[in-house]
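Work through the exercises below with the sequence and the 3D structure at hand. Try each task before reading its solution.

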Amino acid sequence: IPGHVSVGKVLEVKGDIQDVLGRPIGEGKNIVFLDVHETCNNCYYCLVAKASTKCPKRKVYGITYSSKDGLHGGWSEQILLRSGVKTIVLPDDFPPKLFISGGCGLPTAIHATQRANIPLGSTILVQGSGPVGICAAVVSKLSGAYSVIMTGAPQHRLDIAKLFGVDHTINIEEMSLEERINLVHELTEGRGVDRTIEATGNPKAVNEGIKMTRDSGRMVVAGHYTDTGAIKFNPHIDLNKKHLELVGSWGSDFSHFYLAVETLIKFQDKFPWEKIISNEYNLEELTTALKDLESLKILKGIVNPNKT
């Protein structure tokens, strides 16, 4: 059952259950939960490397659980939360839909910006104008960036990104690669940006981002959760001579999830989070939803099983 980030109202509770902050979870409460489940906290990656996103026993709601395991995905009328799932009770006055605006994009963006180690006053390039890219722009500003440049398409996504404080947008459908690289250098006094966060999933974006990042800068590759192909890479020119730091960012853990919830609560009036959601779909409309997303007709669609 797909759907790995969800919010819902508690229908039934067995036993004395609390969220991670010790608050009781009762029937009728709106809660969210970390979709990443069953990290073992007993292996090298959990205990030594401190990288639970690479735990070999890691399971994810809506992704790695089988439908035979039960109702473990958000594209359903109800979800069963297994023992040990880490939950957070939402404030009674916090709109549940607002959490889904951040969804999986915000925790992913928080992890990526942490990996970017953004300096105060820096200029950031965000590649990709989807939910992860927009959230990365927001978190970059909150982390101390003074200027954010975004490359992406189509234009309606870039227009929404501007509402979230992106300073310069570059439509990749309207400018050539050379023009884009030149413009980024013009906006940064010829150096290139201090930090680049790739959130596209397109391999070519990595080559482009390297060229747009200044010498002794850092680039974080966060968009490649599936294998979409290889690129040519010159270790001398693209990495060593540039004195460039190139790092990956895989998934998110509870710390990123927690910060995402806190960010949405604290800054719910500062940013137009609702603009990220383009449309709602019921369970019978899922094929349409996937086609709309694939064609970039929408920025983000959400599944509401109760929508009529």
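Helices (H or I, at least four residues) and strands (E, at least two) are DSSP runs, numbered from the N terminus. The model is predicted: local features need pLDDT of at least 70, side-chain atom pairs count only at pLDDT 80 or more, and totals for chains, interfaces and linings use all residues. Residues are numbered from 1 along each chain as its sequence is written, and side-chain values use heavy atoms, with hydrogens and water left out.

**Exercise 1. Place isoleucine 149 and describe its surroundings.**

Step 1. Isoleucine 149 belongs to strand 7.

Step 2. Buried means under 20% relative accessible area, exposed over 50%, and partly exposed in between (1.4 Å probe, protein chains only). Isoleucine 149 has a relative accessible area of 0%, so it is buried.

Step 3. Contact means heavy atoms within 4.5 Å. Leaving out residues up to four places away in sequence, isoleucine 149 touches Thr123, Ile124, Leu125, Val126, His168, Ile170, Leu187, Thr188 and Val193.

Step 4. Lysine 54 is 95 residues away along the chain, and its C-alpha atom is 31 Å from that of isoleucine 149.

**Exercise 2. Describe strand 7 and the sheet around it.**

Step 1. Ser147, Ile149 and Thr151 point one way from strand 7, while Val148, Met150 and Gly152 point the other way; all are buried. Because six of its six residues are buried, strand 7 is largely enclosed by the rest of the structure.

Step 2. Two strands pair if DSSP finds at least two bridges between them. Strand 7 (residues 147–152) runs parallel to strand 8, joined by four bridges, and parallel to strand 6, joined by five.

Step 3. Methionine 150 has threonine 169 as its bridge partner in strand 8, and valine 126 has methionine 150 as its partner in strand 7.

Step 4. The open sheet has six strands in the order 8-7-6-9-10-11, with parallel pairing. Strand 8 (168–171) and strand 11 (245–248) are the edges, each pairing on one side only.

**Exercise 3. Which residues touch the most other members of the largest nonpolar core?**

Step 1. A nonpolar core is a set of buried Ala, Val, Leu, Ile, Met, Phe, Trp, Tyr and Cys residues joined through side-chain atoms within 4.5 Å.

Step 2. The largest core has 47 residues, and those touching the most other members are Phe99, Leu106, Ile134, Met150, Phe164, Phe257 and Trp273.

Step 3. Helix 4 gives the largest share of this core, six residues.

Step 4. Phenylalanine 164 is in contact with Ile134, Val138, Phe271, Pro272, Trp273, Lys275 and Ile276, leaving aside neighbours within four places in sequence.

Step 5. A second, separate core has seven residues, among them Ile149, Ile170, Val184 and Val193.

**Exercise 4. Is aspartate 19 buried or exposed?**

Step 1. Aspartate 19 sits in the loop between strand 1 (7–9) and strand 2 (30–33).

Step 2. Its relative accessibility is 6%, so aspartate 19 counts as buried.

Step 3. Aspartate 19 touches Ile25, Thr87, Ile88 and Val89, not counting residues up to four places away in sequence.

Step 4. Valine 85 is 66 residues from aspartate 19 along the chain, and their C-alpha atoms are separated by 9.2 Å.
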